[in-house]
Amino acid sequence: MTDADTSATCSRAGCRAPASWRIDWRNPRIHTGDRRKTWVACDEHVGYLREFLAARSFPLDVSALEAAS
Ligand SMILES: [Zn+2]
């Protein structure tokens, strides 16, 4: 898997824009312990993806992608 690829494009389906945000999230039902998923998002879709996860009450953490590299 390439969840945390720093040169990734936006995780939104069909979007080819370069990502500038990362969203670390967890599904408490399937992710045990500190297992996490990372999505990356462009400026346009970071809000969409965050709302998608928030609507499911998944714990999430949004940060700038540049800060990680
Ligand atoms: Zn996008």
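**A tetrahedral zinc site and the adjoining core**

With angles of 103 to 118° among its 4 donor atoms, the zinc ion has a tetrahedral site. The model is predicted. For four tetrahedral donors, the ideal angle at a metal is 109.5 degrees. Coordination is provided by the SG atoms of Cys10, Cys15 and Cys42, together with ND1 of His45. The distances run from 2.0 to 2.4 Å. Along the chain, the donors are spaced as C-x4-C-x26-C-x2-H.

Two of these donors, cysteine 10 and cysteine 15, are both buried. Histidine 45 lies in the loop between β2 and α1. Histidine 45 counts as buried because its relative accessibility is 14%, and the cut-off for buried is under 20%. Beyond its neighbours within four places in sequence, histidine 45 contacts Cys10, Arg12 and Cys15. Cys10 and Cys15 are also zinc donors. The C-alpha atom of histidine 45 is separated by 9.3 Å from that of tryptophan 21. These two residues are 24 residues apart along the chain.

The overall fold comprises 1 helix and 3 strands. Their order along the sequence is β-β-α-β. Of the 69 residues in the chain, 33% are buried. Among contacts with a separation of 6 or more, 54% join residues 24 or more positions apart. The chain exposes about 4600 Å². Carbon and sulfur atoms supply 48% of this area.

In soluble globular proteins, nonpolar side chains tend to be buried together. Here, the largest nonpolar core has 11 residues. Cys10, Cys15 and Cys42 belong to this core, and each of these cysteines also coordinates the zinc ion. The other members are Ile23, Trp25, Trp39, Ala41, Val46, Leu49, Leu53 and Phe58. Two or more residues of the core come from each of β1 (21–25), β2 (37–41) and α1 (46–54). The most is given by α1, with 3 residues.

Isoleucine 23 is one of the core residues. Residues up to four places away in sequence are not counted in its contacts. Isoleucine 23 touches the core members Trp39, Val46, Leu49 and Leu53. Its further contacts are Lys37, Thr38, Arg50, Leu60, Asp61 and Val62.

Definitions and conventions: Residues numbered from 1 in each chain as written. Predicted model: local features only at pLDDT ≥ 70, side-chain atom pairs only at ≥ 80, totals over all residues. Heavy atoms only, no water. Core = buried A, V, L, I, M, F, W, Y, C linked by side-chain atoms within 4.5 Å. Buried < 20%, exposed > 50% of the residue type's maximum accessible area, 1.4 Å probe, protein only. Helix = DSSP H or I, 4+ residues; strand = E, 2+ residues; numbered from the N terminus. Contact = heavy atoms within 4.5 Å. Donors = N, O, S within 2.8 Å, 3.2 Å for Na, K, Ca; no water. Tetrahedral: all angles 85-135°; square planar, octahedral: opposite > 155°, others 65-115°. Areas by Shrake-Rupley, 256 points an atom, 1.4 Å probe, with all protein chains shown as cover.
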